[in-house]
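Dear colleague,

I am passing on a structure that will be new to you, and I have set out what was found in it under the place where it is shown. Please have it open as you read.

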Amino acid sequence: MNKKIWLLFVGLTVMLLLTACGTKSKEDVLTDLKEKVETKGYKADAEMTLKMGTEPQTYEVEVWHKDPDFYRVNLKNSAKNQSQMILKNEEGVYVLTPALNKSFKFQSEWPENSSQAYLYESLVKDIEEDKDVKFSATDKYYVFETKTRYQNNKMLPTQEITFSKKDLSPVSVKVKDVEGVALVTVKFSNVKFDVSFDKKDFDLQKSMTAAKMVIPVMGEVEDKNFTVKYPEEPLEGVSLVEEKKMASENGNRVILTYDGGKSYTIIQEKAVVAPATAGPIVSKGDPVDLGFTIGEVTDSKVSWTFEGVDYTIASTDLTRDELVTVARSVQGEAIK
């Protein structure tokens with residue numbers, strides 16, 4: 001074997017070895033992701049699109065995280081003039097609605113108790129806890145297909161999570177229904193790791209002030225009327241049996257009664273702006289991501305505010321999962 005052929009053989013061998021060494025397994029990537037989660041803090045911007053209801057809705061998401069368990073997640077829908085903030089500090093979990101000058105305080109395990117498509121460490125936990133996770137790699141990305149940990153994961157059971165090979169930052173998340181259709185899509189941008197925060201960055205009053213700069217507090221509500229919304233998925237065998245409108249101090253209150261195997265009631269009325277001096281409302285439930293807004297769920301009811309209207313679904317027949325499923329679908333303007 002002459003010298004040129006020998007050198008070519010050695011060069012090819014080295015290239016093959018380097019290529020083999022550079023190929024990471026699912027376990028290798030997961031180990032790297034778990035190490036990356038230990039960063040002292042990070043910031044991330046994202047665009048979240050929801051394909052639930054009659055038309056897609058898009059939210060701008062800004063995430064701040066200070067290790068180990070301080071969070072500030074701002075969600076804004078400019079088209080709907082809708083904004084909410086999820087805040088977690090050493091005092092508890094808060095959901096802020098700046099347009100109504102309201103904040104709700106929860107004693108909750110959020111975000112550990114459910115999947116959160118816009119939180120980096122939650123995505124890594126989803127991968128870690130799914131023993132049947134699927135893994136693939138392209139030139140630029142690592143892709144995982146996992147089960148979700150949503151409270152009502154029968155509706156959104158799987159997700160596709162993509163990370164950048166370059167720095168392991170999240171690129172996108174597609175949360176899918178039982179037919180594999182992506183109903184929630186999160187596209188990340190401007191992800192920064194090893195960001196330093198101070199505790200005061202997660203202060204309730206400071207965060208509310210910042211949120212009001214994005215969506216100012218509404219003025220006095222003059223129009224007491226509103227468009228009644230109906231569930232697009234009222235549960236199999238269940239139908240509307242009564243619709244009642246009555247006067248209340250805030251205008252009209254509409255009560256929808258559903259029955260047929262299982263029964264529940266939906267109450268809708270115009271929301272009220274809280275006084276400037278109002279403190280947090282203590283909740284006995286848990287925060288729940290309904291897709292289009294953050295609500296509150298207990299064993300017998302789920303409630304939320306959207307586009308200036310308060311909604312409550314109450315039932316002694318429905319499970320938490322069923323309450324959330326119905327709540328997610330209360331977007332129709334005509335009975336389906």
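Before the first finding, one term is needed: a pocket is an open set of grid points where a 1.4 Å probe fits, with protein on both sides within 12 Å along at least five of seven lines. Please also keep in mind that this is a predicted model.

With that term in place, the largest pocket holds about 390 Å³ of space. Its lining is made up of 22 residues, and Phe104, Ser303, Trp304, Thr305 and Asp310 are the ones nearest its centre. At least two lining residues come from each of the strands β5 (92-97), β6 (102-106), β15 (264-270), β18 (294-297), β19 (301-306) and β20 (309-314). Sorted by class, this lining has 8 nonpolar, 8 polar and 6 charged residues.

The second largest pocket has a volume of about 290 Å³, and among its 16 lining residues Val37, Tyr71, Glu121, Ser122 and Lys125 are closest to the centre. Two elements, α2 (26-37) and α3 (120-129), give two or more residues to that lining, with α3 giving the most, namely 5. By class, the lining of the second largest pocket has 5 nonpolar, 3 polar and 8 charged residues.

Turning to the interior, the largest nonpolar core has 71 residues, and those with the most contacts inside it are Leu33, Met48, Val73, Tyr118, Trp304 and Ile313. Strand β11 (residues 182-193) gives the most to this core, with 6 residues. A second, separate core has 12 residues, including Leu87, Val195, Phe197 and Phe202. Trp304, which is named both for the pocket and for the core, touches, beyond residues up to four places away in sequence, a set of residues that includes Leu290, Phe292, Ile294, Val309, Asp310, Ile313 and Val330.

One further residue may be worth locating: Ile255 lies in strand β14 (residues 251-259), and it counts as buried because its relative accessibility is 19%, where the cut-off is under 20%. Leaving aside residues up to four places away in sequence, Ile255 touches Glu242, Glu243, Lys244, Met246, Thr265, Ile266 and Ile267. Val228 is 27 residues from Ile255 along the chain, and their C-alpha atoms are separated by 9.7 Å.

Lastly, on confidence, the mean pLDDT of the protein chain is 87, and 88% of its residues reach 70 or more. Over residues 14-21, however, the pLDDT is below 50, and this stretch has 0 contacts in the model beyond near neighbours in sequence.

With best wishes

Technical notes:
Residues numbered from 1 in each chain as written. Predicted model: local features only at pLDDT ≥ 70, side-chain atom pairs only at ≥ 80, totals over all residues. Heavy atoms only, no water. pLDDT = per-residue confidence, 0-100. Contact = heavy atoms within 4.5 Å. Core = buried A, V, L, I, M, F, W, Y, C linked by side-chain atoms within 4.5 Å. Buried < 20%, exposed > 50% of the residue type's maximum accessible area, 1.4 Å probe, protein only. Helix = DSSP H or I, 4+ residues; strand = E, 2+ residues; numbered from the N terminus. 1 Å grid on protein atoms, 1.4 Å probe; cavity = no way out; pocket = protein on both sides within 12 Å on 5 of 7 lines; lining within 4 Å. Points joined across faces, edges and corners; volume = space filled by probe spheres on them. Nonpolar A, V, L, I, M, F, W, Y, C, P; charged D, E, K, R; others polar.
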